[in-house]
Amino acid sequence: MLILLNKPYGVLSQFTDKGNADSPRATLSDYVEVPRVYPAGRLDRDSEGLLLLTDDGALQARIAHPKFRKPKTYLVQVEGDPTDDQLAQLRRGVTLNDGPTRPATVRRLPPPDLWPRVPPVRFRKSVSDAWLELTITEGRNRQVRRMTAHVGLPCLRLVRWSIGDWSVAGLAPGEWRAL
C-alpha cells in the first residue's frame, strides 16, 4: 500500500508524540487512520506538502534511501531576490557543515497557487521575497532550508511538491489518497 498525504504545517512526520505528553503536538495519526503504515522519509514539522506512507519496507527503502537518488521537488519561498550567482551555487552544490550536497536543479517561479498556510508567513514591506522550484536527490536533515540559507536566501515557506512521479497536486492540507 502507498498513501500520498499532504502534510500540513505544524504536523510531526510520525504517528505519536511520546516525548511531549504535557502539550501534545499534531501527528500523522490526526490525519491518517490506516494501520501499519509508516513514513517513507521525513518532512520537518515546519514544512508542508507530500509525505509518502507505506506498509512495504522494501518500497520505503527505495523511496527514502539516498543511494536510490529519488528526486524530491520543493516549492520554496525565500527572503530576498535570488541572483544568478546564488542560483548557480545551488546548481553546483554547496558545502554544509555535514559535507557537500549534490547539485540541485533550481529555477525562479512566479508565486504558485497554493493553499494558505496556517499560520501565514510573516509579511514585511521592507523585505522582498521570491519563489523557487528546487529539486534534490538526497534528503539530509533540513537540507533545502540549509542550502538556501547558505547562499543568503533564508527560507520562509517550504512545500514538498513531489517525490519522483508522485505529487501532492489535488490534495488539500491534511488530505490523503491511497494508490
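**Briefing: a predicted single-chain model**

Ser-167 is part of strand 10, which covers residues 166-167; helices (H or I, at least four residues) and strands (E, at least two) are DSSP runs, numbered from the N terminus. This is a predicted model, in which local features need pLDDT of at least 70 and side-chain atom pairs count only at pLDDT 80 or more, while totals for chains, interfaces and linings use all residues. Residues are numbered from 1 along each chain as its sequence is written, and side-chain values use heavy atoms, with hydrogens and water left out.

**Ser-167 and Ser-162**

- The side chain of Ser-167 makes a polar contact with the side chain of Trp-161 at 3.4 Å. A polar contact is a pair of N or O atoms within 3.5 Å; within protein, one must be able to donate a hydrogen and the other to accept it, and residues adjacent in sequence count only if both atoms are side-chain atoms.
- The backbone nitrogen of Ala-169 is reached by the side chain of Ser-167 at 3.0 Å.
- Not counting residues up to four places away in sequence, Ser-167 touches Leu-4, Leu-50, Trp-161, Ser-162 and Arg-177, where contact means heavy atoms within 4.5 Å.
- Ser-162 belongs to strand 9, residues 155-163.
- With a relative accessible area of 12%, Ser-162 is buried. Buried means under 20% relative accessible area, exposed over 50%, and partly exposed in between (1.4 Å probe, protein chains only).
- Beyond four places in sequence, Ser-162 touches Leu-50, Pro-71, Lys-72, Thr-73 and Ser-167.

**Ile-63 in helix 1**

- Helix 1 runs over residues 57-64 and includes Ile-63.
- Ile-63 has a relative accessible area of 2% and therefore counts as buried.
- Outside its neighbours within four places in sequence, Ile-63 is in contact with Leu-2, Ala-40, Leu-52, Lys-70, Lys-72, Ile-163 and Trp-166.
- Ala-40 is 23 residues from Ile-63 in sequence, and the C-alpha to C-alpha distance between them is 6.2 Å.

**Helix 3 and its cover**

- Helix 3 spans residues 143-150, and Gln-143, Val-144, Arg-145, Met-147 and Thr-148 are buried in it.
- The cover over the buried residues of helix 3 includes strand 4 (72-79), helix 2 (84-92), strand 5 (95-96), strand 8 (129-136) and strand 9.
- Gly-152, just after helix 3, takes a positive phi of about 90 degrees.

**Backbone features in loops**

- Val-118 and Pro-119 are joined by a cis peptide bond, with omega about -5 degrees. Pro-119 is found in the loop between strand 7 (105-109) and strand 8.
- Arg-36 has a phi near 60 degrees, a positive value in a residue other than glycine. Arg-36 sits in the loop between strand 1 (2-7) and strand 2 (38-39), and its relative accessibility is 64%, so it counts as exposed.
- Arg-69 also has a positive phi, near 50 degrees, and is a residue other than glycine. The loop between helix 1 and strand 4 holds Arg-69.
- Leaving aside neighbours within four places in sequence, Arg-69 is in contact with Arg-102 and Thr-137. Arg-69 and Arg-102 are 33 residues apart along the chain, and their C-alpha atoms are separated by 10.0 Å.

**Whole chain**

- Three helices and 11 strands make up the secondary structure elements of the chain, in the sequence order β-β-β-α-β-α-β-β-β-β-α-β-β-β.
- The radius of gyration is 16 Å, close to the 16 Å that the globule rule gives for 179 residues, so the chain is as compact as a globular protein of that length. The radius of gyration is taken over C-alpha atoms, and the globule rule is 2.2 Å times the number of residues to the power 0.38.
- The C-alpha trace spans about 45 × 40 × 30 Å along its principal axes.
- Of the 179 residues, 44% count as buried.
- Among contacts with a separation of 6 or more, 73% are between residues 24 or more positions apart.
- About 9500 Å² of the chain is exposed, and carbon and sulfur atoms supply 51% of it. Accessible areas come from the Shrake-Rupley method with a 1.4 Å probe; for residues, only the protein chains shown count as cover.
- There are 27 positive and 20 negative side chains, and the centres of the two sets lie 4 Å apart. Lys and Arg count as positive and Asp and Glu as negative, while His and the chain ends are not counted; the place of a charge is taken as NZ of Lys, CZ of Arg, CG of Asp or CD of Glu.
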